[in-house]
Amino acid sequence: MDRTEFEEFASAGLPALFRHARALTGDPQDAQDLLQDALLRVWRAWPAVRRDGNPIGYAKTTMVRLHSSALRRMRRRLAGRPVAAPPAEEPSAVDRVDDRHHLRGLLMRLTPTQRAVLVMTYLEDADDRTIAVALRRRPSSVRATRSRALAKLRADLDPAGPRTARGVLPHA
Amino acid sequence: MPDLDDRLRAEFRRDDTAGMVPAAEVIERVYARRRTSAVRRGVAGAVLVGAAALAVPVVVTAAGDDGATAPVPATTTPLTPAAPTLTPSPPGETHVPLGNPSPRTVAFPGVPESFKVAENPPDQPFDVPAGDAVRYWVTPAGSPVAGLVWVRQPHTPTGLPGLVFELPPGISGDTQTLATDDPWENVLHMSAYSPSGDQDFLIVYGGDSDARKQVIVSIIKAAFG
């Protein structure tokens, strides 16, 4: 196989692919691992990928599928590596002030599929049909997944939401 | 506070290269993992081939053991002589049979060419047991014996009347044979039990004892030897 073309593609597309991987995983190390897994598969299928003409798209779709793959999570667990970044702790008052840090913590609480749907929606501006093909789901399932993920984020971002959910009544 | 959609876009699209490994290093790691994967596949393939090589003789042995009790399919060429089921090993090579041979699916081999197939049973004072197949042969006039009866897989045990006579040792191979000759009725009976589960019952009638014994020895050598 032609290594030169593959290396040119990997070098040129690395920043975009790494951003995609980091958005999916939320962790730089996990993103690096996911990126290498995806590039390995791209390299294996390089003749067909090159013929298809969109290696970046192929790699991104591969990352999405790998990220939501139960088999990959099990393999990482068996290898002693973290399946995902540790769940975010309950945000402190300072975290609530730092919106971005707070949002990252909340994103880590989503399932891999929910996060993948949000990444493809807000990073790639992909439509439901494209996301459904990438995740091998129906468009209606994609919409439902995104709706649940956003509702969860809104509920957690709303300061009154968690208190009410825990059943703590406000003082008079 | 900005809208959640905008916040998500900003979060996912932030230009943060912290933790990003240089491209050359990433590519080298991909190639290394590809090589490791190829080695693993090679080892797995070798293990698979080895396991198959170990499993095949076991399966063949098991199938051979079951073959002794397996039903025998019907044949459309009942009188075609068959080659022996066990081919001899090449010289200098030890023959290790893998289980019992499969049952014969053709008629009894080794009948001399001078014997002609007869449609009807002979008019002789001996009993012919029922079996999976019964065949009759007669000889031309002037032959030392009068005819032959062969019963494949007799359904009922049949006695061997007359006097037991010793067959030459080793002429029947792995097949166990028992033969008696009745000089008063001029009938020779023989039962043969093969390791494959085949059982044959033969009657040679007519002529004198020596002629009948010569005929049966010749048939045994051709069929089982």
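**Notebook: the sheet of chain B and its surroundings**

I began at one residue pair and found that Lys116(B) stands opposite Val138(B) in β2(B). I noted at the outset that the model is predicted. The pair belongs to β1(B) and β2(B), the latter covering residues 131–138, and I counted three bridges between these strands, in the antiparallel sense.

**Entry on the whole sheet.** I followed the pairing outward and recorded an open sheet of seven strands in chain B, with antiparallel pairing and the order β1-β2-β3-β7-β6-β5-β4. I then asked which strands form the edges. They are β1 (116–118) and β4 (163–164) of chain B, each of which pairs on one side only.

**Entry on strand β7.** I turned to β7(B), which lies between β3 and β6 in the sheet order. On one side, I looked up strand β3 (residues 147–154) of chain B and found that six bridges join it to β7(B), the two running antiparallel. In this pairing Leu148(B) stands opposite Val204(B). On the other side, strand β6 (residues 187–193) of chain B is joined to β7(B) by seven bridges, again antiparallel. Here I noted Val187(B) opposite Tyr205(B). The hairpin of β6(B) and β7(B) has five residues between the strands, and within this hairpin Gly197(B) takes a positive phi near 105°.

I next asked why β7(B) may be called largely enclosed by the rest of the structure. Six of the seven residues in this strand (residues 199–205) are buried, so the description follows.

**Entry on chain B as a whole.** I recorded three helices and seven strands. Read from the N terminus, the elements run α-α-β-β-β-β-β-β-β-α. Of the 225 residues in chain B, 19% are buried. I also looked up contacts in chain B with a separation of 6 or more, and 62% of them are between residues 24 or more positions apart.

**Entry on the contact with chain A.** I found 20 residues of chain B in contact with 27 residues of chain A. On the side of chain B that touches chain A, α1 (4–12) and α2 (23–67) each supply at least two residues. By class, this side has ten nonpolar, two polar and eight charged residues.

**Entry on a helix of chain A.** Lastly, I examined helix α2 (residues 28–44) of chain A, which has 17 residues. From first C-alpha to last, the helix reaches 24 Å, close to the 24 Å expected at 1.5 Å a residue. I listed its buried residues, among them Asp30(A), Leu34(A), Leu35(A), Asp37(A), Val42(A) and Trp43(A).

Notes: Residues are numbered from 1 along each chain as its sequence is written. Chains are lettered from A and ligands numbered from 1 in the order in which they are written. This is a predicted model: local features need pLDDT of at least 70, side-chain atom pairs count only at pLDDT 80 or more; totals for chains, interfaces and linings use all residues. Two residues are in contact if their C-beta atoms, placed from the backbone, lie within 7 Å. Helices (H or I, at least four residues) and strands (E, at least two) are DSSP runs, numbered from the N terminus. Ala, Val, Leu, Ile, Met, Phe, Trp, Tyr, Cys and Pro count as nonpolar, Asp, Glu, Lys and Arg as charged, and the others, Gly among them, as polar. A residue is buried if 20 or more other C-beta atoms lie within 10 Å of its own, exposed if 12 or fewer, and partly exposed in between; C-beta atoms are placed from the backbone. Two strands pair if DSSP finds at least two bridges between them. The expected span of a helix is 1.5 Å times one less than its number of residues.
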